[in-house]
Amino acid sequence: MENIITSGLQQGFIYGFMALGVLLTFRILGFPDLTVEGSFPLGAAITAKAIVVGADPLLAVLLGALAGGVAGAATGLMHTRMKVNNILAGILTTSAIYTVMLRTMGRPNIPLLTNENFFDRILRLFNITEGTLSLIQYKTVTITLLFVMVLTARLLLGWFLKTDLGLAVRATGDNEKMIRSLGVNTDNTKLLTLIISNFMVALSGALASQSQGFADVGMGIGVLVASIASVIVGEMLFGSRGLSMLLTGAILGSVIYRALLALGLRLNLPAEDFKAVTAILVLLALFLPNIKTRTQKPLSLPQVTENKEKEVGQE
Amino acid sequence: MIKLTNVYKVFFPNTSNEVLALNNINLDLNPGDFITIIGSNGAGKSTFLKVLAGIELPDAGKVELAGKDVTAYPEYLRAKDIGRIDQDPLASTASEMTIEENLAMAYKRGQVRGLRWAITSNKEKLFKEVLAEVGLGLENRLRVPVRTLSGGQRQALALVIATLAEPKLLLLDEHTAALDPKTAKQIMDLTGKIVSSKKLTTLMIPHNMEQAIKFGNRLMMMHRGQLILDLGHEEKSMLTVPQLVERFSTASGTAFDDDRVLLAT
Ligand SMILES: Nc1ncnc2c1ncn2[C@@H]1O[C@H](COP(=O)(O)OP(=O)(O)OP(=O)(O)O)[C@@H](O)[C@H]1O
Ligand SMILES: [Mg+2]
């Protein structure tokens, strides 16, 4: 039981950054950004490589997150400047990322168990060496640290979305024509949002590599669906109305989702089935509200912008 | 102040579906002009307003705004000077955002948007004042998402959004068409009030002939992409609806074929 809770909290907070990023693009911007399946392992790969060549883990994690921002920019530029369809742009970036990861790491996988990791490095900032803590203490400290970090991200994002620029971002997802008529270049708001989102997703990947002790090119498979599941769980429990609820819900949804996975493992459920089960649950969550009230919008994830763009074109 | 010279707009050029939506439009607007534009379906009225707003760019000709050549400016670069409302109440407001957030975005029309709180107590005070003038009680519902408003309330809010930053030009494309007659009249009266109190230069495609006569100081007719009639204030204020239809037939050489505009109230 204790394991399920600690694992849920630790993993949930780590993947909470990603849930926030996915919420930002899919839900707020209405942009189904598949780049995240690439920027998640990219964050891990860049961080791992930086650490094995001797970089400070703090810097390494920052570099990993920045690489995600670059990936988001690539997708954003393809979509806004070269008019590539949003889903295809994300797929193209993700595909290219695999080459970048293999080239950077030199192989598909880097183990990190012998290197000082991000969490130990932070402890060292406070003059604590890992060896002096019991396992439980160590877990508590890392969970607290992750909690503070994800809470900070949540608060920053909440603040950003209430600034003049943030309002323009939200309106780009809500009514693109309207905000354009008020003088906003929506290409730029989309680009900015994709950068922020993928920065957070890659940060999530970087921290995941630190917590599990390796980076692997395959670790991004299924993370998008898992994040969508987290966002949906958050929406179901905390409501989808109101920005604060959505943001907090995404993180708590992520914790609950990760705790459920830990529970599944504890019950010896076959781990290889989890991805399919998650996919089916997401499908049901999107589909069921649809058959109950056909007139109402289903849980609005994912909102695809294609229709809106067609409208603009047809004017 | 606003000037169009030899403006053309062609859709589907060089195909069998080619449409000459704007055919050599020339127009010189005086500041403070309130022009109503009528014409049958497909005459090019909406396209005309869209070319002014930069939603459609002309294929030939020149568009000047406040002495600046803006012919090639996309919509977002002209937005500082132009307020626009569409006939669809969903089009001019952001549904999932609150009334005050919609107004805060309008407050920043055409300006650089940075990382300051979008809503401050000063702005809230201002928003309450302007909404109170509208007289629909919206000033007490600042934090309510726009999605919960009625079509009329949304168009009233759209009017406030379009005029909050005092644009140089206001474009209204049948902005009361989707409303019931009573609400439509309310919104039209409000439009007249705001336009005259702020002395806004306005181009309006009215929803019916009566509006065309009742509002504004100048009336224009469009037919097949051309401006075929331009009536000044005196001439226009004497007209009745049947006379106006008659003038249209004479000028265009065809019967006015738009029942909707004729009969709508
Ligand atoms: N985006 C577009 N693509 C192709 N053709 C268009 C487009 N917009 C307008 N047209 C065509 O241009 C012509 C003028 O259309 P417009 O919408 O300007 O007419 P209107 O005077 O506003 O008519 P209505 O009274 O029906 O609103 C029509 O023949 C229309 O089919
Ligand atoms: Mg029209």
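Biologist: Where does B:Ile205 sit in this predicted model, and why is B:Ile205 called buried?

Modeller: B:Ile205 is in strand S8 of chain B, residues 202-205. Its relative accessibility is 1%, and buried means under 20%, so B:Ile205 counts as buried.

Biologist: Which residues is B:Ile205 in contact with, leaving aside neighbours within four places in sequence?

Modeller: Those are B:Ile37, B:Lys45, B:Ser46, B:Leu49, B:Leu172, B:Asp173 and B:Glu174. B:Glu64, for its part, is 141 residues from B:Ile205 in sequence, with 21 Å between the two C-alpha atoms.

Biologist: OK, on to B:Gln211. What makes B:Gln211 buried?

Modeller: B:Gln211 has a relative accessible area of 9%. The cut-off is under 20%, so B:Gln211 is buried. You'll find B:Gln211 in helix H7 of chain B, residues 209-214. Leaving aside neighbours within four places in sequence, B:Gln211 is in contact with B:Thr36, B:Thr176, B:Met188, B:Met204 and B:Pro206.

Biologist: What lies 2.8 Å from a polar atom of the B:Gln211 side chain?

Modeller: That's the backbone nitrogen of B:His207.

Biologist: And why is B:Thr98 called buried?

Modeller: Here the relative accessible area is 14%. Buried takes in values under 20%, so B:Thr98 is buried. B:Thr98 is in the loop between strand S6 (82-85) and H3 of chain B. Beyond four places in sequence, the contacts of B:Thr98 are B:Leu142, B:Arg143, B:Val144, B:Pro145 and B:Val146.

Biologist: Let's turn to where the chains meet. How many residues of each chain are in contact?

Modeller: 31 residues of chain B touch 23 residues of chain A. Together the two chains bury about 2500 Å², with 56% of that on carbon and sulfur atoms. On the chain B side, B:Tyr76, B:Arg113 and B:Leu115 lose the most area to chain A, together 25% of what that side buries.

Biologist: What makes A:Arg170 and B:Glu101 a salt bridge?

Modeller: Their closest N and O atoms are 2.9 Å apart. The rule asks for a side-chain nitrogen of Lys or Arg within 4 Å of a carboxyl oxygen of Asp or Glu, so A:Arg170 and B:Glu101 qualify. The rule finds 2 salt bridges across this interface, along with 14 residue pairs in polar contact, both residues at pLDDT 80 or more.

Biologist: Which helix gives the most to the side of chain B that touches chain A?

Modeller: H3(B), with 5 residues. Helix H2 (75-78) and helix H3 (99-107) of chain B each supply at least two residues there. That side of chain B divides into 14 nonpolar, 6 polar and 11 charged residues.

Biologist: Over to chain A. How do you know that the span of helix H6 agrees with what it should be?

Modeller: Helix H6 of chain A, residues 135-160, has 26 residues and should span 38 Å at 1.5 Å a residue. The end C-alpha atoms are 37 Å apart, which agrees. Among the buried residues of H6(A) are A:Tyr138, A:Leu146 and A:Phe160, and what covers the buried ones includes helices H1, H5, H7, H9 and H11 of chain A.

Biologist: Why is H10(A) called largely enclosed?

Modeller: 12 of the 16 residues of H10(A) are buried, so the rest of the structure largely encloses this helix. The buried ones include A:Val223, A:Ile228 and A:Glu235. The span of H10(A) works out too: 22 Å expected, and 22 Å between the end C-alpha atoms. Right after H10(A) comes A:Gly239, whose phi is positive, near 85 degrees.

Methods. Residues are numbered from 1 along each chain as its sequence is written. Chains are lettered from A and ligands numbered from 1 in the order in which they are written. This is a predicted model: local features need pLDDT of at least 70, side-chain atom pairs count only at pLDDT 80 or more; totals for chains, interfaces and linings use all residues. Side-chain values use heavy atoms; hydrogens and water are left out. Contact means heavy atoms within 4.5 Å. Buried area is the accessible area (1.4 Å probe) that two parts lose on being put together, summed over both. A polar contact is a pair of N or O atoms within 3.5 Å; within protein, one must be able to donate a hydrogen and the other to accept it, and residues adjacent in sequence count only if both atoms are side-chain atoms. Helices (H or I, at least four residues) and strands (E, at least two) are DSSP runs, numbered from the N terminus. Ala, Val, Leu, Ile, Met, Phe, Trp, Tyr, Cys and Pro count as nonpolar, Asp, Glu, Lys and Arg as charged, and the others, Gly among them, as polar. The expected span of a helix is 1.5 Å times one less than its number of residues. Buried means under 20% relative accessible area, exposed over 50%, partly exposed in between (1.4 Å probe, protein chains only).
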